[in-house]
Amino acid sequence: MKPHRLCMTHHLVLSYELHKKMEIYRPHKAYPVELAQFHSADYVEFLHRITPDTQHLFSNELARYNLGEDCPVFENLFEFCQIYAGGTIDAARRLNNQLCDIAINWAGGLHHAKKCEASGFCYFNDLVLGILELLKHHARVLYIDIDVHHGDGVEEAFYFTDRVMTVSFHKYGDNFFPGTGDVKDTGEREGKFYAINVPLKNGIDDASFTRLFKTIIAKVVETYQPGVIVLQCGADSLAGDRLGCFSLSIDGHAECVRFVKKFNLPLLVTGGGGYTKENVARCWTVETGVLLDTELPNEIPENEYIKYFAPEYSLKIPNGDIENLNSKSYIGTIKMQVLENLRCIQHAPSVQMQEVPPDFYIPDFDEDEQNPDERVDQHTRDRQIQRNDEYYEGDNDNDQNMDDV
């Protein structure tokens with residue numbers, strides 16, 4: 001049986017001993033009530049009970065929720081979703097409680113899932129759930145997506161609000177999935193100009209991509225002044241991806257992560273797409289190193305999956321040889337349109353003071369490790385409860401230094 005890309009990433013990270021430089025946590029499994037903070041209750045309930053053995057009885061529901069095709073029903077589907085969603089929710093809560101500056105969930109980043117349906121092998125949108133958590137403590141959240149596919153599910157969720165700015169760099173045109181993300185799609189109502197789309201053509205290389213990325217993101221951060229950043233690092237934008245069509249090297253992809261880190265804002269990093277699994281593992285290992293300020297040697301150390309990195313056994317991959325169809329004039333036009341849209345927004349929109357909703361779960365507490373026959377002490381119970389008297393203008397306001405909050 002071939003290994004999963006996350007197993008390969010895990011073993012690469014261990015082989016470089018990066019785990020010694022960070023704290024690793026086992027996420028809780030997201031409860032149905034947590035998943036229903038964004039998704040419809042009927043959709044959550046259906047995914048909770050559907051199995052491969054019973055799906056033939058629910059043809060109407062499968063069609064309604066877009067299950068099948070690229071969103072198949074498989075054994076332990078709901079538990080799979082609970083784990084990756086719980087990881088992103090816990091990451092957001094650790095940032096909210098100032099337990100870390102950077103939180104990583106390489107299993108997360110399933111950005112296509114919608115409120116009432118699955119899409120593109122994304123069942124629950126952990127990114128939206130994580131952002132909703134961050135909004136409890138931050139007036140403004142910046143979401144950045146460098147997956148080759150448009151981050152449509154996240155954009156759609158926040159299309160009508162200025163509390164979240166979404167910025168997606170993606171392939172657009174030629175009926176490429178999901179078919180959304182035109183530069184003209186900028187949000188509506190209160191969210192007008194708070195959705196930024198950077199549509200790109202086949203073959204974009206490191207120099208073109210990173211130059212455009214840095215110009216746009218620098219202006220976004222200057223204008224929007226977010227309190228926290230969520231960065232989706234889909235690795236299908238790498239050269240040689242089985243479903244992708246860009247020509248980014250791992251160094252080029254990682255340079256975007258390095259640039260975002262330099263803003264020194266609380267940062268939640270997730271995975272995403274990626275269909276050449278050995279390159280996905282390479283990429284996320286390098287980017288783990290970037291987030292830890294650690295340069296990794298190019299020669300991959302011995303590990304359980306070393307044979308999959310043959311024959312070079314090297315960490316880095318070169319740029320692809322696909323023709324770059326993104327001319328200087330095309331990139332210049334896209335950049336000009338995006339910067340013009342940014343000039344239209346209210347500078348760093350404020351938010352009215354409101355009570356911080358309680359957390360359903362505190363990430364340090366692990367239900368699976370609790371003995372049901374053992375009494376839980378008061379301290380442990382207290383750690384599951386968020387104070388209900390916290391306000392944006394109090395000590396729990398992580399953006400309290402902003403003049404307009």
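**Entry 1: α5 and α6**

I began with a helix pair: the crossing of α5 and α6 is right-handed (clockwise turn of the near helix from the far one by less than a right angle; anticlockwise would be left-handed). This is a predicted model, so I kept in mind that local features need pLDDT of at least 70, that side-chain atom pairs count only at pLDDT 80 or more, and that totals for chains, interfaces and linings use all residues. Residues are numbered from 1 along each chain as its sequence is written, and side-chain values use heavy atoms, with hydrogens and water left out.

The axes of α5 (residues 77-96) and α6 (residues 126-134) come within 8 Å and cross at roughly 20 degrees. Axes here are lines fitted to C-alpha atoms, for helices over the stretch in contact, with angles from 0 to 180 degrees between N-to-C directions. I therefore put α5 and α6 down as roughly parallel to each other (under 35 degrees; over 145 is roughly antiparallel, 65 to 115 roughly perpendicular, the rest oblique). Helices (H or I, at least four residues) and strands (E, at least two) are DSSP runs, numbered from the N terminus.

Next I checked who touches whom, contact being heavy atoms within 4.5 Å. From α5, the residues include Y84, T88 and R93, and they meet a set in α6 that includes D126, L129 and E133. By class, I have 8 nonpolar, 3 polar and 3 charged residues in the contact of α5 with α6. Ala, Val, Leu, Ile, Met, Phe, Trp, Tyr, Cys and Pro count as nonpolar, Asp, Glu, Lys and Arg as charged, and the others, Gly among them, as polar.

**Entry 2: the sheet**

I traced 6 strands in an open sheet, in the order β1-β6-β5-β2-β3-β4, with parallel pairing. Two strands pair if DSSP finds at least two bridges between them. β1 (102-105) and β4 (195-200) stand at the edges with a single partner strand each, so one side of each has no neighbour in the sheet. From one strand to the next, the twist averages 10 degrees.

I looked closer at β2 (residues 141-145) and β3 (residues 164-171), which pair in the parallel sense over 5 bridges. V141 stands opposite V164 in β3.

Helix α8 (residues 206-224) packs on the sheet, touching β2, β3 and β4, and its direction makes about 170 degrees with that of β3. Helix α9 (residues 250-261) also packs on the sheet, touching β1, β2, β5 (228-232) and β6 (267-270), at about 175 degrees to the direction of β5.

**Entry 3: α9 and α10**

I followed α9 to its helix partner: its axis and that of α10 (residues 277-291) come within 9 Å and cross at roughly 30 degrees. The two are therefore roughly parallel to each other. Among the contact residues I noted H253 and R258 of α9, and R282 and E287 of α10.

**Entry 4: the annotated site**

I pulled the UniProt record, an unreviewed entry, which lists D147, H149 and D236 for "binding site". Such annotations may be inferred rather than shown by experiment; positions are in the numbering used here, and feature names are shortened. The three span 90 residues in sequence, yet no two of their C-alpha atoms are more than 8.1 Å apart, so they gather at one spot. I found D147 in the loop between β2 and α7 (152-157).

**Entry 5: backbone oddities**

I flagged the peptide bond from F177 to P178 as cis, omega near 0 degrees; P178 lies in the loop between β3 and β4. The bond from A310 to P311 is cis too, and P311 is in the loop between α10 and α11.
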